[in-house]
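I opened this entry to keep track of what I looked up, chain by chain and contact by contact.

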Amino acid sequence: MVLTGGLLVGGALVAGAWYYLTPKYSRVGYKPIQPVAFSHNTHVNQLGMDCRYCHNAVEQSWYSNLPDSAKCMNCHNQVLKDDPRLALVRESAATGQPIPWVQIHRVPDYVYFNHSVHVTRGISCVECHGQIDRMEEVYHAQPLSMTFCLDCHRHPELKLRPLDKITDMNWQPESPLQQREFGQRAIKNWKVESLENCSACHR
Amino acid sequence: MRYFFALFAVSVAAVIALLGFRGSHFRKPPLYIFPDMEFQLKLRPQAPSGFFPNGRTSQLPVPGTIARAVPVQTASGPVFPFEDAPVNTGWVVGTTNFVEHNPLPITSALLKRGQQRYTINCAPCHGGLADGNGITRKIGAMAVVANLHDKRIVEMPDGELFYVITHGRNLMGPYGAQVSIEDRWAVVAYLRALQLARLGEPEDLPPQLRTLLK
């Protein structure tokens with residue numbers, strides 16, 4: 001009787017820890033309220049803008065920059081120019097005070113993730129950020145845990161795609177076989193080093 | 001024993017009711033159970049910080065700072081970004097007259113790059129064909145968008161197009177901060193290709209291609 005009870009309680013504890021104590025639970029789905037209700041769905045999916053119009057330094061920099069509000073004003077000095085939802089953007093562009101966006105995707109401070117090396121070697125935004133072009137409000141879509149990184153680093157050929165499709169969130173390979181062949185060729189041609197040693201990410 | 005099972009079921013149900021399921025959306029910041037070294041005393045880009053007086057981690061360089069940079073390879077040799085040269089300003093050296101021709105060697109790689117950068121940065125308003133029918137016009141959100149096939153724009157020297165991209169003009173904002181010098185000249189070159197596609201005459205084509213025209 002004690003044994004059954006112990007097994008049950010123990011099993012429940014293990015199952016609970018397995019289910020809850022990972023970023024798949026603790027981070028996926030994080031959707032903070034942002035100071036401005038910016039919709040990626042409107043700008044990317046409906047209007048067809050490229051990610052790199054706003055995140056313009058992502059191909060050169062280790063982090064994907066948030067645009068300054070002056071960049072918003074390139075269009076919004078005319079588009080919705082008196083809309084109250086954009087009051088903070090106009091104020092920020094006028095005063096130079098940044099908009100206090102809430103960071104969603106964040107790796108620990110001992111992890112050094114480099115955006116440019118991924119997007120210039122055939123890894124799309126969608127692999128880590130999910131279907132961000134369809135998000136009205138951005139939420140954390142992937143766990144971004146260490147095993148999440150390693151799954152891809154061990155089999156990069158499954159994720160590599162043509163370089164002109166990096167910002168196409170809806171691109172699909174023709175077939176799994178074609179993807180594998182393309183990926184293996186790309187690893188060789190682009191010199192993809194999907195490193196698995198500790199110091200690749202931890203320094 | 002019966003009480004034990006009941007208690008067990010209730011506590012499992014309570015945990016699930018309290019903690020919910022994976023992937024459900026939530027507003028509050030994630031909980032860090034063992035935040036060992038996850039948050040370190042270092043500055044991350046574009047974050048708030050009490051270290052600097054203006055409260056930001058990303059600081060502008062001191063005025064007069066010269067970027068350590070790779071020179072731009074122009075047709076007449078390498079030029080650094082801090083030099084007073086046509087490739088940096090769009091002007092003939094020592095004047096404010098615009099240079100007539102693109103200082104970069106026009107290659108197919110440059111045009112491809114220009115096409116890509118044009119599509120990212122310019123096409124939203126000016127349209128993929130440069131006729132001013134971008135998405136902002138289509139949704140009726142912008143009243144005036146320049147048609148880049150207008151005579152006045154076709155007749156502009158290359159340097160002026162570069163200058164307008166860099167500093168903006170009328171309602172168009174400056175793109176100098178987000179499109180690099182080489183990319184701006186690549187866009188100018190690609191824009192010239194778009195204009196030629198509309199203005200060109202059959203005689204402009206090499207003879208072997210001319211026969212392909214109907």
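The notes below go from whole chains to helix pairs and then to single residues.

**Entry 1: status of the model.** I am working with a predicted model.

**Entry 2: chain A overall.** I looked up the elements of chain A and found 10 helices and 0 strands. From the N terminus on, the order reads α-α-α-α-α-α-α-α-α-α. I then checked the dimensions: along the principal axes, the C-alpha atoms of chain A fill a box of roughly 70 × 50 × 35 Å. The radius of gyration of chain A is 21 Å, whereas a compact globule of 203 residues would have one near 17 Å. Of the 203 residues in chain A, 41% are buried. For contacts in chain A between residues at least 6 apart in sequence, I noted that 67% join residues at least 24 apart. The accessible surface of chain A is about 11,600 Å², and carbon and sulfur atoms hold 60% of that.

**Entry 3: chain B overall.** I repeated the lookup for chain B, which has 9 helices and 2 strands. Read from the N terminus, its elements run α-β-β-α-α-α-α-α-α-α-α. The C-alpha trace of chain B spans about 95 × 50 × 35 Å along its principal axes. I have 28 Å for the radius of gyration of chain B, against a value near 17 Å for a compact globule of 214 residues. Buried residues come to 32% of the 214 in chain B. Of the contacts in chain B with a separation of 6 or more, 43% are between residues 24 or more positions apart. Chain B exposes about 14,100 Å², with 65% of it from carbon and sulfur atoms.

**Entry 4: a helix pair between the chains.** How do the axes of helix α1 of chain A and helix α1 of chain B cross? I took α1(A) as residues 2–20 and α1(B) as residues 2–19; their axes come within 11 Å and cross at roughly 5°. The two helices, α1(A) and α1(B), are therefore roughly parallel. On the chain A side, I listed G5(A), L8(A), V9(A), A12(A) and Y20(A) as making the contact. On the chain B side, I listed F4(B), F5(B), F8(B), V15(B), I16(B) and L19(B). By type, the residues of this contact divide into 10 nonpolar, 1 polar and no charged.

**Entry 5: a helix pair within chain B.** I next took helix α3 (residues 108–121) and helix α8 (residues 181–199) of chain B, whose axes come within 7 Å and cross at roughly 95°. That angle falls in the range of 65 to 115 degrees, so α3(B) and α8(B) are roughly perpendicular to each other. From α3(B), the residues in the contact are L110(B), L111(B), R113(B), G114(B), Q115(B), R117(B) and Y118(B). They meet D183(B), A186(B), V187(B), A189(B), Y190(B), A193(B) and L194(B) of α8(B). I noted the types in the contact of α3(B) with α8(B) as 9 nonpolar, 2 polar and 3 charged.

**Entry 6: R27(A).** Is R27(A) buried or exposed? R27(A) counts as buried, at 8% relative accessibility. I placed R27(A) in the loop between α2 (23–26) and α3 (40–46) of chain A. Leaving out residues up to four places away in sequence, R27(A) touches I104(A), R106(A), H140(A) and P143(A), and from chain B F26(B), P30(B) and Y32(B). I also looked up R27(A) and Y139(A), which are 112 residues apart in sequence and 9.4 Å apart in space, C-alpha to C-alpha.

**Entry 7: helix α9 of chain A.** Which residues of helix α9 (residues 146–154) of chain A are buried? I found F148(A), L150(A), C152(A) and H153(A). The buried residues of α9(A) pack against α7 (115–119) and α8 (126–129) of chain A.

**Entry 8: positive phi.** I looked up L80(A), which is not a glycine but has a positive phi of about 50°. L80(A) lies in the loop between α5 (69–76) and α6 (87–95) of chain A, and is partly exposed with a relative accessible area of 43%. K191(A), also a residue other than glycine, has a positive phi near 50°. I placed K191(A) in the segment after α10 (176–189) of chain A; at a relative accessible area of 65%, K191(A) is exposed.

**Entry 9: A123(B).** I found A123(B) in helix α4 (residues 123–126) of chain B. A123(B) is buried, with a relative accessible area of 15%. Not counting residues up to four places away in sequence, A123(B) touches Y118(B), G128(B), G134(B) and I135(B).

Methods. Residues numbered from 1 in each chain as written. Chains lettered and ligands numbered in written order. Predicted model: local features only at pLDDT ≥ 70, side-chain atom pairs only at ≥ 80, totals over all residues. Heavy atoms only, no water. Axes fitted to C-alpha atoms, helices over the stretch in contact; angles between N-to-C directions. Helix = DSSP H or I, 4+ residues; strand = E, 2+ residues; numbered from the N terminus. Parallel < 35°, antiparallel > 145°, perpendicular 65-115°, else oblique. Contact = heavy atoms within 4.5 Å. Nonpolar A, V, L, I, M, F, W, Y, C, P; charged D, E, K, R; others polar. Rg over C-alpha atoms; globule rule 2.2 N^0.38 Å. Buried < 20%, exposed > 50% of the residue type's maximum accessible area, 1.4 Å probe, protein only. Areas by Shrake-Rupley, 256 points an atom, 1.4 Å probe, with all protein chains shown as cover.
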